[in-house]
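User: Could you take me through one part of this protein up close? I'd like to hear about its biggest pocket, and then any odd spots in the backbone.

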Amino acid sequence: MGDIQRPGALYQQIAAEIRNGIAQGRYKPGSPLPSEADLIEQYGVSRPTVRKAIAALRAEGLIEVTHGKRSYVRALPAPAVIIERTVTRTGNTFRIGHHDWQQVEDPTVYRTTTTATTAPLLELAEGEALFAVDRLLSDPHTDTRALHRVLIPFVTADQTERLAEAPDTEPEEIYALLTAAGHQLTWDETVSARMPLPDERAALQVPDATPILHASRLTLNADQHPLILEEVRTGADRAQLAYRITADSPRTPHAV
């Protein structure tokens with residue numbers, strides 16, 4: 001029987017032993033774990049106990065279980081997609097990075113209001129009217145998915161006739177419309193990592209126990225007042241966000 005004499009439920013002790021084996025390199029990334037029968041014999045426990053231990057490790061993202069019920073140490077490949085978040089301008093044309101996303105489905109446009117989270121970012125009172133545009137995007141080469149959301153306050157949309165009538169205008173075109181309306185634009189962006197909500201995990205098709213990257217970008221006018229808020233969410237196991245930083249950037253990181 002293995003050394004599982006620490007306090008705690010039996011399945012937790014077995015999970016801890018396997019977890020230590022992964023950390024110490026006894027079980028290599030991509031290699032199979034001992035079978036259920038082998039673990040039962042090794043630790044002298046029941047099949048349900050072994051299955052609970054495997055389920056716990058799977059929930060932590062340490063292992064994967066195939067359709068044949070064989071467990072493998074999860075390989076952690078380098079992120080497959082680099083998403084450039086830099087904003088560039090040529091004349092009246094704006095461009096966000098150089099990534100060729102494809103839309104999985106038509107954008108969803110709806111009216112909503114600011115929340116306790118979005119109101120401070122947009123410097124508005126809670127409950128202010130917004131247009132929201134949700135897009136589900138896919139990288140054509142790797143099938144990496146991203147959720148993109150634009151929140152446009154009514155007060156911003158009313159500054160251009162087109163934006164008020166078509167809030168699902170592409171972000172680069174929104175920048176051009178706001179510039180034509182007399183705004184000198186800058187951008188602030190923050191990035192965090194968190195565990196996905198169930199609907200996010202399903203839409204992004206990320207594995208169990210995998211965090212997502214959540215980038216929030218504010219488009220600001222010359223007075224540093226927010227005009228719109230954009231959010232990008234994507235699996236942290238498949239993507240990296242890249243930025244170009246210049247020496248005269250007033251903040252770091254800062255989208256140029």
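Analyst: Here's a walk through the pocket, followed by two loop residues. Keep in mind that this is a predicted model.

Let's start with the pocket. The largest pocket has a volume of about 490 Å³. It is lined by 22 residues, and those closest to its centre are His99, Trp101, Leu137, Glu170 and Glu172. Which elements give two or more residues to this lining? They are the strands β3 (81-84), β5 (93-96), β6 (102-103), β8, β9 and β12, along with the helix α7 (171-180). Of these, β9 gives the most, with three residues. As for chemistry, the lining of the largest pocket is a mix: eight residues are nonpolar, six are polar and eight are charged.

Now for the backbone. Most residues other than glycine have a negative phi. Asp143 goes the other way: it isn't a glycine, yet its phi is positive, at about 65°. You'll find Asp143 in the loop that runs between β8 (129-138) and β9 (145-153). Is Asp143 buried or exposed? It is exposed, because its relative accessible area is 55% and the cut-off for exposed is over 50%.

Gln224 is the other one to look at, with a positive phi near 65° in a residue that isn't glycine. Gln224 also sits in a loop, this time between β11 (212-220) and β12 (226-235). With a relative accessible area of 30%, Gln224 counts as partly exposed, so it falls between the cut-offs of 20% and 50%.

Methods: Residues numbered from 1 in each chain as written. Predicted model: local features only at pLDDT ≥ 70, side-chain atom pairs only at ≥ 80, totals over all residues. Heavy atoms only, no water. Helix = DSSP H or I, 4+ residues; strand = E, 2+ residues; numbered from the N terminus. Buried < 20%, exposed > 50% of the residue type's maximum accessible area, 1.4 Å probe, protein only. 1 Å grid on protein atoms, 1.4 Å probe; cavity = no way out; pocket = protein on both sides within 12 Å on 5 of 7 lines; lining within 4 Å. Points joined across faces, edges and corners; volume = space filled by probe spheres on them. Nonpolar A, V, L, I, M, F, W, Y, C, P; charged D, E, K, R; others polar.
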